[in-house]
Amino acid sequence: MTLKGKRAIVTGSNSGIGLGVAESLAAAGADVVLNSFTDRAEDHELASDLGARHGVTARYIAADMSKGAECRALVEKAGGCDILVNNAGIQFVSPIEEFPVEKWDAILAIDLSSAFHATAAALPGMKERGWGRIVNIASAHGLTASPFKSAYVAAKHGVVGLTKTVALEVAGQGITCNAICPGYVLTPLVEAQIPEQMKVHRMDRETVIREVMLQRQPSRQFATVEQIGGTAVFLCSPAADQITGTTISVDGGWTAL
Ligand code: NAD
């Protein structure tokens with residue numbers, strides 16, 4: 001229970017990687033705030049169930065991370081945090097000429113600007129307490145590109161740049177900022193891409209998974225939400241005190257190619 005007494009906010013955490021990271025942080029003893037833009041009874045139940053299973057305080061706070069003011073209000077409503085995991089993200093796949101402008105704007109807002117706003121709101125409290133961990137969930141697409149993902153690749157490269165900048169601004173103050181760069185993890189976000197990829201590449205589901213998605217991942221295996229969660233817990237541990245401003249790939253070798 002190395003994170004006992006620490007308060008964590010994980011944005012976009014009622015599903016997929018965010019929920020997996022929240023589970024791992026709670027298992028390590030942290031109190032957690034789950035978030036998404038919905039405000040359903042089941043979102044709040046998800047948090048109370050997670051808290052009960054790990055013996056920590058867990059709350060759900062709704063905030064639409066496409067809106068800067070709501071990102072900042074999330075941190076305020078949580079009463080600040082010691083650990084901020086900027087995870088909320090969406091994806092859309094299309095050739096750039098047909099890429100809908102509203103999708104471009106939404107991806108930049110949710111996948112990149114939300115991290116800017118939440119970090120700005122969380123840092124004053126972290127500085128006061130002399131301890132903080134910011135973990136940005138970027139992507140292999142923060143380090144490399146793929147066709148048809150212009151907004152996502154641009155946003156995730158932006159997250160890696162933001163990570164380095166924040167790390168430099170707070171270096172030596174007990175606060176670190178790093179990015180985890182997952183390869184493919186089979187979550188609802190990835191499931192949703194399969195039909196679009198099938199259309200763009202004119203392939204069936206199994207062929208898209210094998211030839212398009214895992215073709216880039218030399219292990220030919222999806223990474224798991226537990227592995228991303230474990231990496232986040234490591235970045236919050238004393239062993240990672242001097243790890244800052246960098247990326248950790250959890251991608252089965254994708255970025256080694
Ligand atoms: P997911 O769709 O399962 O989860 C995305 C989360 O973000 C959900 O909880 C969703 O409710 C939330 N969200 C979406 N729009 C929001 C908004 N406007 N306000 C608040 N919350 C919002 O997807 P995932 O695969 O778990 O993705 C999580 C993060 O991991 C994303 O940033 C994604 O880019 C990144 N990532 C995923 C993969 C992968 O293969 N799954 C790989 C690399 C990076």
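Mentor: Let's fix a word before we start: buried means under 20% relative accessible area, exposed means over 50%, and partly exposed is in between (1.4 Å probe, protein chains only). Bear in mind that this is a predicted model, where local features need pLDDT of at least 70, side-chain atom pairs count only at pLDDT 80 or more, and totals for chains, interfaces and linings use all residues. Residues are numbered from 1 along each chain as its sequence is written, and side-chain values use heavy atoms, with hydrogens and water left out.

Trainee: Got it. How many helices and strands are there in the chain?

Mentor: Helices (H or I, at least four residues) and strands (E, at least two) are DSSP runs, numbered from the N terminus. On that basis the chain has eight helices and seven strands.

Trainee: And what is the radius of gyration of the chain?

Mentor: That one is taken over C-alpha atoms, and the globule rule is 2.2 Å times the number of residues to the power 0.38. For 257 residues the rule gives 18 Å, and the chain comes close to it, so it is as compact as a globular protein of that length; its radius of gyration is 17 Å.

Trainee: What percentage of the residues in the chain are buried?

Mentor: Take strand 6 as a sample: eight of its eight residues are buried, so it is largely enclosed by the rest of the structure. Ile175, Cys177, Ala179 and Cys181 point one way from strand 6, with Thr176, Asn178, Ile180 and Pro182 pointing the other way. Over the 257 residues of the chain, the buried part is 52%.

Trainee: Which residue in strand 6 does Asn136 stand opposite?

Mentor: Two strands pair if DSSP finds at least two bridges between them. Strand 5 and strand 6 do so in the parallel sense, over six bridges. Opposite Asn136, in strand 6, you'll find Ala179.

Trainee: On to helix 5. Which elements do its buried residues pack against?

Mentor: Helix 5 covers residues 150-170 and reaches 31 Å from its first C-alpha to its last, close to the 30 Å expected at 1.5 Å a residue (that is, 1.5 Å times one less than its number of residues). Its buried residues include Tyr152, Val159, Leu162 and Val166. Contact means heavy atoms within 4.5 Å. The packing partners are helix 4 (101-129), strand 5 (132-137), strand 6 (175-182) and strand 7 (247-250).

Trainee: Which helix gives the largest share of the largest nonpolar core?

Mentor: A nonpolar core is a set of buried Ala, Val, Leu, Ile, Met, Phe, Trp, Tyr and Cys residues joined through side-chain atoms within 4.5 Å. The largest one has 34 residues, and Val21, Leu25, Ile83, Val85, Ile180 and Ile228 have the most contacts inside it. Its largest share, six residues, comes from helix 1.

Trainee: How many residues does the second, separate core have?

Mentor: Among its members are Val33, Ala63, Ala122 and Leu162. The count for this second core is 25 residues.

Trainee: Any odd backbone angles? What is the phi of Phe148?

Mentor: Phe148 is found in the loop between strand 5 and helix 5. Its side is partly covered: the relative accessible area is 27%, which means partly exposed. Although Phe148 is not a glycine, its phi is positive, at about 75 degrees.

Trainee: Last one: is Arg202 buried or exposed?

Mentor: Arg202 sits in the loop between helix 6 (188-201) and helix 7 (205-213). Its phi is also positive, near 55 degrees. With a relative accessible area of 78%, Arg202 is exposed.
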